[in-house]
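Visitor: I have a chain open here and would like to talk it through with you. Could we go from the overall picture down to single residues?

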Amino acid sequence: MEIAAARVASIHYTLTGDDGRIIDQSSESRPLRYFHGAGNIIPGLEKALAGKQAGDALQVDVRPEEAYGVRNEGMVQVLPREAFKGVDKVEPGMQFEASSERGPLLVTVVEVAGDTVRIDGNHPLAGQTLHFDVRVLDVRESTEEEKQSGRAAQD
């Protein structure tokens with residue numbers, strides 16, 4: 001059975017950056033299971049997996065435009081420390097949910113300098129070409145519940 005819209009696929013993957021460093025990978029005991037065609041994984045990887053079947057292995061390079069987007073420097077802002085009322089210690093790497101004109105946005109603290117805090121609303125992988133090494137383990141028809149939710153049932 002081939003990976004196609006409204007089917008559930010289980011894959012093992014290793015994600016690396018341009019430098020070859022492992023960014024993320026599925027656990028050997030817990031593959032990634034996703035509902036194909038509902039945007040549950042990045043578009044470039046989903047496109048590459050269409051038509052594959054159990055036993056297939058592939059390497060996929062996904063450009064930023066089909067992953068987490070190109071970096072937008074307009075999403076980097078410097079805020080006064082007072083904007084973080086109720087937070088005792090603000091440190092680089094901390095993440096907060098902020099409000100934007102497009103709804104909630106996850107921002108990462110990049111730098112704290114005196115009374116200012118620099119935040120970045122870009123996804124941490126924005127602007128990067130992502131390299132996937134993927135092995136398809138299983139493809140199956142989705143259940144009615146999965147079709148309704150647009151998500152694969154998890155164990």
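Guide: What follows is a short conversation about this predicted model.

Visitor: How many helices and strands are there?

Guide: The chain has two helices and nine strands, and along the sequence they come in the pattern β-β-β-α-β-β-β-β-β-β-α.

Visitor: And how does the radius of gyration sit against the globule rule?

Guide: The radius of gyration is 19 Å, whereas the globule rule gives 15 Å for 155 residues, so the chain is more spread out than a compact globule. The C-alpha trace spans about 60 × 35 × 30 Å along its principal axes.

Visitor: What share of the residues is buried, and what about the surface?

Guide: Of the 155 residues, 32% count as buried, and the accessible surface comes to about 9400 Å², with 47% of that belonging to carbon and sulfur atoms. As for contacts, among those with a separation of 6 or more, 63% are between residues 24 or more positions apart.

Visitor: Switching to sheets, in what order do the strands of the open sheet run?

Guide: The open sheet consists of four strands in the order 5-8-7-6, with antiparallel pairing. Strand 5 (76–80) and strand 6 (95–100) are at the edges, where each has a single partner strand, so one side of each is left without a neighbour in the sheet. From one strand to the next, the twist averages 40°.

Visitor: How many bridges join strand 5 and strand 8?

Guide: Strand 5 pairs with strand 8 (residues 116–120) over five bridges, in the antiparallel sense, and Val-78 stands opposite Arg-118 of strand 8.

Visitor: How many aromatic pairs are there?

Guide: The structure holds two aromatic pairs. In one of them, Tyr-13 and Phe-132, the ring centres are 6.3 Å apart and the planes are at 55°, an angle that is not over 60 degrees, so the pair counts as tilted. This pair links distant parts of the chain, given that Tyr-13 belongs to strand 1 and Phe-132 to strand 9 (residues 130–141), 119 residues apart.

Visitor: Are those two buried or exposed?

Guide: Tyr-13 is buried, having a relative accessible area of 15%, and Phe-132 is likewise buried, at 8% relative accessibility.

Visitor: What does Asp-133 touch, then?

Guide: Asp-133 is also placed in strand 9, and, leaving aside residues up to four places away in sequence, it touches His-12, Tyr-13, Thr-14, Leu-58 and Gln-59. The C-alpha atoms of Asp-133 and Leu-58 are separated by 6.0 Å, although the two residues are 75 apart along the chain. At 40% relative accessibility, Asp-133 counts as partly exposed, because that value lies between the 20% limit for buried and the 50% limit for exposed.

Visitor: Back to strand 1: where is Thr-16, and which residues does it touch?

Guide: Thr-16 is in strand 1 (residues 7–16) and counts as buried, at 17% relative accessibility. Not counting residues up to four places away in sequence, Thr-16 touches Arg-21, Ile-22 and Ile-23, together with Thr-129, Leu-130 and His-131.

Visitor: One last thing, what is the phi of Ala-6?

Guide: Ala-6 has a positive phi of about 70°, although it is not a glycine. The residue lies in the segment before strand 1, and at 24% relative accessibility Ala-6 counts as partly exposed.

Methods
Residues numbered from 1 in each chain as written. Predicted model: local features only at pLDDT ≥ 70, side-chain atom pairs only at ≥ 80, totals over all residues. Heavy atoms only, no water. Buried < 20%, exposed > 50% of the residue type's maximum accessible area, 1.4 Å probe, protein only. Contact = heavy atoms within 4.5 Å. Phe/Tyr/Trp six-rings, centres within 6.5 Å; stacked < 30°, edge-to-face > 60°. Pairing = 2+ DSSP bridges. Axes fitted to C-alpha atoms, helices over the stretch in contact; angles between N-to-C directions. Rg over C-alpha atoms; globule rule 2.2 N^0.38 Å. Areas by Shrake-Rupley, 256 points an atom, 1.4 Å probe, with all protein chains shown as cover.
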